[in-house]
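Student: Could we go through this model step by step, with the reasoning spelled out before each answer?
Tutor: Yes, please put the structure up and ask away.

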Amino acid sequence: MATFIGFFFLHQTLTPLQILGIAIVLISVALGQQSQQLRQPPNPLTALFKSNL
């Protein structure tokens, strides 16, 4: 968040290495979230509440 605030509000520039670092972090977080969801067994109560929304 600090990087985006600096970029958008303070008009700081990002180097290609910084952009690559941001991409690596975002991809690793997405992969971690995806693998965590695949390992968890489905909760019947969660499915029940989601279907009623």
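Student: How many aromatic pairs does the structure hold?
Tutor: This is a predicted model, in which local features need a pLDDT of at least 70 and side-chain atom pairs count only at pLDDT 80 or more, while totals for chains, interfaces and linings use all residues. Residues are numbered from 1 along each chain as its sequence is written, and side-chain values use heavy atoms, with hydrogens and water left out. Rings of Phe, Tyr and Trp (its six-membered ring) pair if their centres lie within 6.5 Å, and planes under 30 degrees apart count as stacked, over 60 as edge-to-face and the rest as tilted. By that rule, the number of aromatic pairs in the structure is two.

Student: What is the angle between the planes of Phe4 and Phe8?
Tutor: A pair of aromatic rings is described by the distance of the centres and the angle of the planes. Phe4 and Phe8 are four residues apart in helix H1 (residues 2–9), so about one helical turn separates them; helices (H or I, at least four residues) and strands (E, at least two) are DSSP runs, numbered from the N terminus. Their ring centres are 6.4 Å apart and the pair counts as stacked, with an angle between the planes of 20 degrees.

Student: Is Phe8 buried or exposed?
Tutor: Buried means under 20% relative accessible area, exposed over 50%, and partly exposed in between (1.4 Å probe, protein chains only). Phe4, with a relative accessible area of 37%, is partly exposed. Phe8 has 53% relative accessibility and therefore counts as exposed.

Student: Which kind of aromatic pair do Phe7 and Phe8 form?
Tutor: Phe7 lies in helix H1, and a relative accessible area of 36% makes Phe7 partly exposed. The ring centres of Phe7 and Phe8 are 5.1 Å apart with 80 degrees between the planes, and the pair is edge-to-face.

Student: Which residues do ring pairs link into a cluster?
Tutor: One pair joins Phe4 and Phe8, and another joins Phe7 and Phe8. The cluster linked by these ring pairs consists of Phe4, Phe7 and Phe8.

Student: How much accessible area does the nonpolar patch on the surface have together?
Tutor: Patches are made of residues with over 30% relative accessible area and no salt bridge, where like charges are joined within 9 Å and nonpolar side chains (Val, Leu, Ile, Met, Phe, Trp, Tyr) within 5 Å; a salt bridge is a side-chain nitrogen of Lys or Arg within 4 Å of a carboxyl oxygen of Asp or Glu. Ile5, which has its place in helix H1, is partly exposed at 42% relative accessibility. Together with Met1, Phe4, Phe7, Phe8, Phe9 and Leu10, Ile5 forms a nonpolar patch whose accessible area, found by the Shrake-Rupley method with a 1.4 Å probe and only the protein chains shown as cover, is about 830 Å².

Student: Which residues does Gly6 touch, not counting residues up to four places away in sequence?
Tutor: Gly6 is in helix H1 and is buried, with a relative accessible area of 3%. Contact means heavy atoms within 4.5 Å, and Gln12, found in the loop between H1 and H2, is in contact with Gly6 and Phe7 when neighbours within four places are left aside. Under that exclusion, the residues that Gly6 touches are His11 and Gln12.

Student: What is the phi of His11?
Tutor: Most residues other than glycine have a negative phi, and most peptide bonds are trans. His11 has its place in the loop between H1 and helix H2 (16–39) and is exposed, with a relative accessible area of 66%. Although His11 is not a glycine, its phi is positive, at about 55 degrees.

Student: In which helix is confidence lowest?
Tutor: The pLDDT is the predictor's confidence in each residue, from 0 to 100, and the chain averages 82. Where pLDDT is low, the predicted coordinates should not be read in detail. Confidence is highest in H1, at a mean of 89, and lowest, at a mean of 64, in helix H3 (residues 44–52).
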